[in-house]
Amino acid sequence: MKDVKIEFRKTIYPIQSSLYEYLEKYNRMTKIELLYDDLLRFNDFTSIEDENGKDTLWLSVYYSDHEQKEINENLNKIYTILHSDGDEESLPFLTVDSIEFCTFGNSKPFRIRIRNILNDNYTNYYIKKADASRVYGLEFEDLLSINRINYLVYKDTLIEEHILGIPGDVFIEKHLQHCTELGKAQIAKEFVKFNERCFLGLLGDMRSYNYVVIPIHDYNQVIYRIRSIDFDQQCYEGNMKIYRPQYFKENKKMVELVNEKLKKNSIEQYQRETRSLLTKRLIKGHKNFQDLIDVMKQDFIAPQDHVDQLKNGLLKFTYEQRFKKCQNMGEIMEMGLNFMIKNYKK
């Protein structure tokens, strides 16, 4: 398996007015008093290590005394907005356990842990710099997959819920070897479907640490789901292989599992099932999807050479001549999904 590489850090694209209007229409907008840049004013930090003493690339950050109280109050309010539409009755029972900053990746998120002091249950959420690519990725995940996404935007700040699951790299290293043979076959099936969803939705860079594996106990067995947790590389890269998790070396063990457990006709069956499910979701939610595509076709979210490389790659892959006319990533996305729908109806 030849590895594909992402050579340069992706540009952060600002949210344009038409996308803000879409977000307002579909209740993704909010109003808060604490922005992403406000959290960057920390004056001290400590590195966070895992149980083996390895640096996690997360920092636990601290603020001056006169700022800490105000920041904590606003973080608690943001939690209520995200999870209970701003109901403030629970505020006296909420406390900020930690504020952590990630130094790795495009979005450089803050991870906020909120704890309920009545029962010690806690919930994480993230505050990030709003990026148009990521917003499109979150919306397409909500529209095309079985997974619901809870997030809000205010100005240049993105608030995003935590997605539960075992990080893919951790699962591959520590848990995969302990799965039953039936479980491994089921994981192989899910990876094929995940691979197909990413390609059809043009979601790139699904290396093992950018998705989670979710074990679900079902009667007398454990089944598995694979779900993306990173949407920065939505419709950005020109190399078609970057939209297929199978080509990343970090997923080598998953690919080997597919080759070991599944026959070619089974792989094709699971790919057809995925295309069928996505098509049904698109037909059912056509108005929402079309509104998003119309906005995306007016937006600039990738260099022109990436657009040209991707449309030529898809032209060779599908023999669909209309890819030649695509001028931006929005038009490529629309053409690809319409091509899938047309073939499904046939």
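## A tour from helix H1 to the pockets

Start by selecting helix H1 and looking at the face turned away from its buried side: the exposed residues there are Ser 17, Glu 21 and Glu 24. Keep in mind that you're looking at a predicted model.

Now flip the view. Which residues of H1, spanning 17-25, are buried? Pick out Ser 18, Leu 19, Tyr 22 and Leu 23. They sit on the same side of H1 because they cover an arc of only 140° around the axis. That fits the usual helix geometry: with 3.6 residues a turn, residues three or four places apart point the same way.

What covers those buried residues? Show helix H4 (132-144), strand S6 (151-154) and helix H9 (286-296), which are among the elements doing the covering. Before leaving, click on Asn 27, which follows H1 and has a positive phi, near 60°.

**Next stop: a small selection of strands**

Select S8, S9 and S10. In that order, these 3 strands make an open sheet with antiparallel pairing. Strand S8 (166-167) and strand S10 (221-228) are the edges; each has a single partner strand, so one side of each has no neighbour in the sheet. Zoom in on S8 and strand S9 (residues 211-218), where the antiparallel pairing runs over 2 bridges. Label Ile 166 and you'll find Val 213 of S9 opposite.

**On to the largest pocket**

How big is the largest pocket? Its volume is about 1800 Å³. To centre your view, select Thr 56, Trp 58, Pro 167, Asp 169 and Tyr 209, the closest to the pocket's centre of the 49 residues lining it.

Then colour the elements that each supply at least two lining residues: strands S1 (44-49), S2 (55-62), S3 (94-102), S4 (110-116), S5 (122-129) and S7 (157-161), plus helix H5 (168-175). Colour by residue class and the lining of this largest pocket splits into 22 charged, 16 nonpolar and 11 polar.

**Last stop: the second largest pocket**

This one holds about 440 Å³ of space. Of its 22 lining residues, go for Phe 199, Leu 200, Arg 275, Phe 317 and Phe 339, the closest to its centre. Helices H6 (181-200), H8 (264-284), H10 (304-318) and H11 (329-345) are the elements giving two or more residues to this lining. Which of them gives the most? Highlight H11, with 8 residues. By class, the lining of the second largest pocket has 12 nonpolar, 6 polar and 4 charged residues.

Notes: Residues numbered from 1 in each chain as written. Predicted model: local features only at pLDDT ≥ 70, side-chain atom pairs only at ≥ 80, totals over all residues. Heavy atoms only, no water. 1 Å grid on protein atoms, 1.4 Å probe; cavity = no way out; pocket = protein on both sides within 12 Å on 5 of 7 lines; lining within 4 Å. Points joined across faces, edges and corners; volume = space filled by probe spheres on them. Helix = DSSP H or I, 4+ residues; strand = E, 2+ residues; numbered from the N terminus. Nonpolar A, V, L, I, M, F, W, Y, C, P; charged D, E, K, R; others polar. Buried < 20%, exposed > 50% of the residue type's maximum accessible area, 1.4 Å probe, protein only. Arc of directions from axis to C-beta. Contact = heavy atoms within 4.5 Å. Pairing = 2+ DSSP bridges.
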